[in-house]
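These are my notes on a single chain, taken with the model open beside me. I set down what I looked up, entry by entry.

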Amino acid sequence: ERVDNIDKEIFERLRDVGVRNILMGIESGNQEMLNRFNKGITIGQIEKAIEVLQQLDIDITVSFINFTPWTTLEHLKDNIRFFVNLRINVLQGLLNRFQVYGGTPLGDQMLKTGRAHGTYPNFSCESIDKRVDLVYEIAQKSLGTF
């Protein structure tokens with residue numbers, strides 16, 4: 001579900017008919033990255049949606065993209081701080097890496113400028129900050145069994 005679709009009355013009804021968990025594609029705890037992804041949401045909307053679901057005792061699973069070509073070490077720290085403060089399960093997203101899709105405006109731009117390489121469906125990209133790629137590799141080797 002999108003965070004901007006979380007309405008207390010609607011989700012109260014959904015809870016009453018048995019909904020116990022909602023997956024939300026948050027993608028980032030950093031407004032700059034949300035804007036880059038063209039999510040059309042704000043950090044405030046994320047916090048409000050999570051608050052509503054927590055009030056209704058509906059479990060929340062979030063997906064986010066922790067590693068992107070634009071991620072810096074500071075972005076990683078911001079994401080971790082943001083999600084830890086929300087007190088929700090974020091294990092699923094710890095190793096999520098940006099996926100390039102040809103045919104999308106962002107994917108086509110990255111392929112055209114050489115920021116992405118490979119062939120569909122295995123396009124790959126590297127981070128501007130090479131330290132982020134190193135953190136990803138270490139985390140993948142250490143936590144990759146999740």
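**Entry 1. Overall fold.** I took helices and strands as DSSP runs, with at least four residues for a helix and at least two for a strand, numbered from the N terminus. The model is predicted, and I read every value below as computed from it. I found six helices and four strands in the chain. Following the sequence, I wrote down the order α-β-α-α-β-α-α-β-β-α.

I then looked up the overall dimensions. The C-alpha trace spans about 50 × 35 × 25 Å along its principal axes. Of the 146 residues, 40% count as buried. The accessible surface comes to about 8,800 Å², and carbon and sulfur atoms hold 51% of that area. I also checked how far along the sequence the contacts reach: among those between residues at least 6 apart, 68% join residues at least 24 apart.

**Entry 2. Helix ends.** Which residue caps the N-terminal end of helix H1? I found Asp7 there, with a side-chain oxygen 3.2 Å from the backbone nitrogen of Glu9. Helix H1 covers residues 8–16. Just after H1, I noted Gly18 with a positive phi of about 115 degrees.

I next turned to helix H5, residues 105–112. Thr104 caps its N-terminal end, and a side-chain oxygen of Thr104 lies 3.0 Å from the backbone nitrogen of Gly107. Gly114 follows H5 and has a positive phi, near 80 degrees.

**Entry 3. Positive phi outside glycine.** Most residues other than glycine have a negative phi. I therefore logged Glu27, which is not a glycine and yet has a positive phi of about 75 degrees. Glu27 lies in strand E1, residues 21–27. Its relative accessibility is 15%, so I entered Glu27 as buried, the cut-off being under 20%.

Asn38 is another such case, with a positive phi of about 60 degrees although it is not a glycine. I placed Asn38 in the loop between helix H2 (31–36) and H3. Is Asn38 buried or exposed? At 67% relative accessibility, Asn38 counts as exposed, because the cut-off for that class is over 50%.

**Entry 4. Strand E2 and helix H3.** Ser63 is found in strand E2. Its relative accessibility is 16%, and Ser63 therefore counts as buried. I looked up the separation of Ser63 and Gly25: they are 38 residues apart in sequence, but their C-alpha atoms are 4.8 Å apart in space.

I also looked at Gly44, in helix H3 (residues 43–55). Why does Gly44 count as partly exposed? Its relative accessibility is 38%, and the partly exposed class lies between the 20% and 50% cut-offs. Gly44 and Val62 are 18 residues apart along the chain, with their C-alpha atoms separated by 16 Å.

**Entry 5. Thr68.** I located Thr68 in the loop between strand E2 (59–64) and helix H4 (73–86). At 2% relative accessibility, Thr68 counts as buried. The side chain of Thr68 reaches the backbone nitrogen of Trp70 at 3.0 Å. Which residues does Thr68 contact, leaving aside its neighbours within four places in sequence? I listed Met33, Phe37, Phe98 and Ser127.

**Entry 6. The cavity.** I searched for cavities of 30 Å³ or more, and the count came to one. The largest cavity has a volume of about 50 Å³. Its lining includes Glu27 and Thr68, from the entries above, together with Met33 and Phe37. I completed the list with Ser28, Ile65, Asn66, Thr71, His75 and Asn79. By class, the lining divides into three nonpolar, six polar and one charged residue.

**Entry 7. Asp133.** My last query was Asp133, in helix H6 (residues 130–143). At 9% relative accessibility, Asp133 counts as buried. Not counting residues up to four places away in sequence, Asp133 touches Arg97, Glu126 and Ser127. Ser127 is also among the contacts I listed for Thr68.

Notes:
Residues are numbered from 1 along each chain as its sequence is written. This is a predicted model: local features need pLDDT of at least 70, side-chain atom pairs count only at pLDDT 80 or more; totals for chains, interfaces and linings use all residues. Side-chain values use heavy atoms; hydrogens and water are left out. On a 1 Å grid over the protein atoms alone, a cavity is a set of points where a 1.4 Å probe fits but cannot get out, and a pocket is an open set with protein on both sides within 12 Å along at least five of seven lines; lining residues have an atom within 4 Å of a point. Grid points are joined across faces, edges and corners, and a volume is the space filled by probe spheres set on the points. Ala, Val, Leu, Ile, Met, Phe, Trp, Tyr, Cys and Pro count as nonpolar, Asp, Glu, Lys and Arg as charged, and the others, Gly among them, as polar. A polar contact is a pair of N or O atoms within 3.5 Å; within protein, one must be able to donate a hydrogen and the other to accept it, and residues adjacent in sequence count only if both atoms are side-chain atoms. Buried means under 20% relative accessible area, exposed over 50%, partly exposed in between (1.4 Å probe, protein chains only). Contact means heavy atoms within 4.5 Å. Accessible areas come from the Shrake-Rupley method with a 1.4 Å probe; for residues, only the protein chains shown count as cover.
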